[in-house]
Amino acid sequence: MQATQEPAVKSCPPCECRVVQFLESSIGKKITVALAGLLLSFFLITHLAGNLFLFFGAKAFDGYAGMLERNPLIPAAEVGLLALFLIHIALALRARLINAAARPVGYAAYEGKGARTLGSRTIAVSGLLILAFLIIHLKSFRFIPHETRENDLYRVVAETLRQPLYAAFYVVAMLGLGLHLSHGVQSALQTLGVNHPRYTPALKVLGLAFALLIALGFASIPVYFAFLNGGAR
Ligand code: HEM
């Protein structure tokens with residue numbers, strides 16, 4: 001009887017399998033969450049820069065918004081942005097749930113409290129707050145008629161953010177965003193290997209400064225409209 005022969009070279013798993021294996025591994029999830037988070041931070045910079053046109057009145061902001069709306073590349077960028085949000089949220093939550101199941105006693109029993117900041121302890125809660133904010137935010141400003149987005153967006157933003165309760169919710173959500181970024185940015189850089197005894201302290205300060213700038217920058221907009229009588233009524 002003939003013995004079955006082992007193939008000389010083991011065939012490597014197909015590409016999709018390697019991607020799945022990578023995303024199933026704990027480090028794969030961490031790296032992907034970190035990369036998506038950093039890319040989302042770039043979006044925040046451009047989004048804040050665009051929103052600052054609100055301080056220059058309806059003509060300036062509607063001119064900017066109309067230009068975006070007519071840009072043929074924007075739909076593809078929006079799909080990419082949605083994918084980044086979904087990947088970041090889904091993998092971060094999955095990693096969190098797997099960790100919680102593996103450590104039912106809770107973090108405090110395992111880690112020195114000194115290393116944990118308010119931002120790191122509240123990262124999941126601030127993430128969920130941002131998710132709730134995003135749903136309300138997109139419903140108010142994104143999923144409205146195309147005509148309005150192209151020609152009359154300033155009026156919609158101003159009327160919405162002049163409502164004190166709405167504005168207060170925005171400010172609270174931006175505090176959550178600041179907390180999230182205060183831990184998220186430096187943690188993402190560390191995960192991606194940007195870690196050196198000489199530069200890490202400076203990167204931590206830069207991460208905190210970035211979080212503060214983004215949170216205060218966005219929060220200044222509802223404060224301007226609702227509490228400082230901003231824009232012509
Ligand atoms: C006061 C703060 C903010 C204001 C006034 C604001 C304003 C706007 C406006 C007017 C739009 C619609 C743009 C368009 O359709 O052309 C928009 C879209 C959007 N905003 Fe904001 N935003 C703020 C904060 C944020 C924050 C903090 C995030 C993320 C955490 C965010 C995420 C988004 C996303 C994902 C879209 C959809 C982008 C797209 O589809 O092109 N926004 N925002």
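Two residues are taken to be in contact if their C-beta atoms, placed from the backbone, lie within 7 Å. On that basis, residues 24 or more positions apart account for 82% of the contacts in the protein with a separation of 6 or more. The model is a predicted one, in which local features need pLDDT of at least 70 and side-chain atom pairs count only at pLDDT 80 or more, while totals for chains, interfaces and linings use all residues. Residue numbers start from 1 along each chain as its sequence is written.

The protein has 10 helices and 0 strands, where helices (H or I, at least four residues) and strands (E, at least two) are DSSP runs numbered from the N terminus. Of its 233 residues, 19% count as buried, that is, with 20 or more other C-beta atoms within 10 Å of their own, these atoms being placed from the backbone.

Turning to the interior, the largest nonpolar core (buried Ala, Val, Leu, Ile, Met, Phe, Trp, Tyr and Cys residues joined through C-beta atoms within 7 Å) has 29 residues. Tyr154, Val157, Leu161, Ala173, Leu177 and Phe225 have the most contacts inside this core. At least two residues each come from α2, α3, α6, α8, α9 and α10, and α9 gives the most, with 9. Ala173 also touches Leu129, Ile130 and Phe133, leaving aside residues up to four places away in sequence.

Now to the ligand: 21 residues surround it, of which Glu78, Phe141, Arg149, Phe218 and Ile221 come nearest (near means a C-beta atom, placed from the backbone, within 6 Å). Among the elements giving two or more residues to this shell are α4 (74-102) and α10 (200-227), while α6 gives the most, with 5 residues.

Notes. Buried ≥ 20, exposed ≤ 12 C-beta atoms within 10 Å, placed from the backbone.
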